Amino acid sequence: MLARFALSAALLAPSATEPPAFTGQPARYSILWSDGDSLLAAAEPDAVHLLCRTGERSSTIAGLGRVRGLAGRSIAGALQLVAVTEGGQLARWSADAWSLSAVPRRAVDELFAVALDNRGRAVVAGKTYALYIADGDRWEVLLYPPGLSAPAALAHDGDHIAVVGSRGQLVLATPEGSSIWTDVPISGGLDEPSQAWWSPASGLLWIVDRRELVAVDVARSRVLQRVAKDTSGGPHALTGLPTPQGDLLALAGQSTLGLLLRHEQRVRTLGVEVVFPAGFAFDVRGEALYVADLEGLRRIPLVDDALAAARALLERGPAPPCPLAPGRRVQVADDLLPAPRDMSSAPLAPKSPPRTKRSDRGELPIVPVRPTLRLGLGPAIAPHPPPARTTAGLAFDVSLGVAIALGKRGAYLWPEFGYAQTRRDGTTGHLFTFGLTPLFGLPSAAFGLSPKVVFGDAYGHVGAGLRSSLVGTFALQTLTFEIGHQWLRAGGRDLHDARLMFSLDVLAVVALLTAPLKVLRWLGRDAKRYF
């Protein structure tokens, strides 16, 4: 117990020769980046701040919309910094000024991460369709491979791009290579991965999932290390630092911080509490870890042999001067944003996967389980003894069910229980129905055969039988059309009806009335995506 207390005290002990700390504005930062030396970048939801250590110089771009990714790299001795918003803005800091460009997104592909390669190209990741690569004013679009499910993390070693799917897939892209996408199998799999960091020194790709921190040797397609993350909840943040002693990782759960050095068998939990941390950045010269959580920007001093070795290596040269101009400069996004770019003007990479019926569609936006409450109305036509050949009546249905998506291929099972009323020749029939309908197609339109058992009061007699219908559903089962035949055995005779029903899902209508903009946006995205 005493040894554990001493370890925590040592990890948090201040250094005797601390350089000045970074001081951010009183704001709620969501993402951090640092060069480990003289600069710290901190993103708010609508702004990005680049700070020098003394706090007397800063450069800010304000008026952005929901910043989701932040990355920096030294290109030919000069720092470049990029940030991307969910809605398609790419902000770049270079030569002491911010510039802004529009990402040529496909449909409404939400952007969630960005990286810089060794040539200064910005690599932007969408949640559904593609990677978007900015090389100066030219854009390339790399469509995701068909098997990639819900991209969750982006990592870049300077030359190669890694995308991790939420179901544990790992794919690599090399834009200059002969093969755009390469699958990397991960032995033992991943359990809902959410963060990744690619070490430029060791070449290891570190991925954190719900339970473990996993080190993948990408070049050999091998898992070299698995360590239980030992942080409660999350993970909420992950970052790494190459040191002379190996990769040093920092990760956070809901309220705890931890460090892991390569080859260690367990995460060292730090004796400090955080509140939903969202971003990390190592300060090598200051031997500290900066954390952005709900309480703001926090500096956690560390005493760690690997970090000290990295600092000793850094201090062999003089501390670089701050590259920012004197004062605190602010640029506004509205003054920088160019005209929106149409996706059709963005050339696809020449080696993109060939367009097929499904490869360029990405993942279907399928709702896994959705309750339905349908009200249906339509004519029912039955044979009639001579002289009339048929008799027509009006049918009314109420059906309660659950539409269950099977995987991501546009297949559903739709069990329903309902009440049906049919009136003809002055008499009324009251029946209960139960059936299981398989549907195949898209969320916009799906079709199937619907067998249902029917039983109840068949025009004054107890009856039971079968209803068989061809069903077409549209806009996530909001509108349904049925054409079919119903057979009933009642009162010692067979009763046959031909039915044509039009029904509306009341629950979907309520959702549309309570959240019209969200629903209409989804329907518009679905229409652009599939038609």
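Half of this predicted model is buried: buried residues make up 50% of the 531 residues in the protein. The protein has four helices and 36 strands. Among contacts between residues at least 6 apart in sequence, 51% join residues at least 24 apart. The exposed area comes to about 24200 Å², and carbon and sulfur atoms supply 60% of it.

A search of the whole structure returns 27 salt bridges. One of them joins the side chains of E416 and R374, with N and O 2.9 Å apart. E416 sits in strand β31 (residues 411-424) and R374 in strand β29 (residues 369-383), so this pair links distant parts of the chain, 42 residues apart. E416 counts as buried because its relative accessibility is 3%, under the 20% limit. R374 is likewise buried, with a relative accessible area of 4%.

R374 has a second acidic partner. Its salt bridge with E482 has its closest N and O atoms 3.2 Å apart. Because R374 lies in strand β29 and E482 in strand β35 (residues 479-490), this pair ties together parts that are 108 residues apart in sequence. E482 is at 7% relative accessibility and therefore counts as buried. R374 thus forms salt bridges with E416 and with E482.

Other salt bridges involve other residues. D494 forms one with R489, the closest N and O atoms being 3.0 Å apart. D494 counts as partly exposed, at 41% relative accessibility, and R489 counts as partly exposed, also at 41%. Elsewhere, D191, E192, R210 and R211 are linked in a network of salt bridges.

D505 is an acidic residue in strand β36. At 0% relative accessibility, D505 counts as buried. Leaving out residues up to four places away in sequence, D505 touches R370, P371, T372, L373, R374, Q477 and T478. R374, the residue that bridges to E416, is thus among the contacts of D505. A polar atom of the D505 side chain also lies 3.1 Å from the backbone nitrogen of L507.

T422 belongs to strand β31, the strand that holds E416. With 5% relative accessibility, T422 counts as buried. In space, the C-alpha atoms of T422 and A395 are 4.3 Å apart, although the two residues are 27 apart in sequence. Setting aside neighbours within four places in sequence, T422 is in contact with A380, L394, A395, T427, T428, G429, Y459 and R499. With R499 there is a polar contact between side chains, at 3.4 Å.

The surface also has a nonpolar patch. L449, L470, L479, F481, I483, L500, F502 and L504 make up this patch, which covers about 720 Å². Strands β35 and β36 (493-505) each supply at least two of its residues. L449 comes from strand β33 (residues 445-458). At 58% relative accessibility, L449 counts as exposed. Strand β35 also holds E482, which counts as buried at 7% relative accessibility. Strand β36 likewise holds D505, which counts as buried at 0%.

Helix α2 (residues 305-314) has A306, L307, A310 and R311 as its buried residues. Seen down the axis of α2, these buried residues fall within an arc of 140 degrees, so they line one face of the helix. They pack against β21 (237-243), β22 (246-252), β23 (256-261), β25 (279-283) and β26 (288-293). At the start of α2, a side-chain oxygen of D304 reaches to within 3.0 Å of the backbone nitrogen of A306. A306 is itself one of the buried residues of the helix.

Technical notes. Residues numbered from 1 in each chain as written. Predicted model: local features only at pLDDT ≥ 70, side-chain atom pairs only at ≥ 80, totals over all residues. Heavy atoms only, no water. Salt bridge = Lys/Arg side-chain N within 4 Å of Asp/Glu carboxyl O. Buried < 20%, exposed > 50% of the residue type's maximum accessible area, 1.4 Å probe, protein only. Patch = residues over 30% accessible without salt bridge, like charges linked within 9 Å, V, L, I, M, F, W, Y side chains within 5 Å. Areas by Shrake-Rupley, 256 points an atom, 1.4 Å probe, with all protein chains shown as cover. Arc of directions from axis to C-beta. Contact = heavy atoms within 4.5 Å. Polar contact = N/O pair within 3.5 Å; in protein donor to acceptor, adjacent residues only side chain to side chain.
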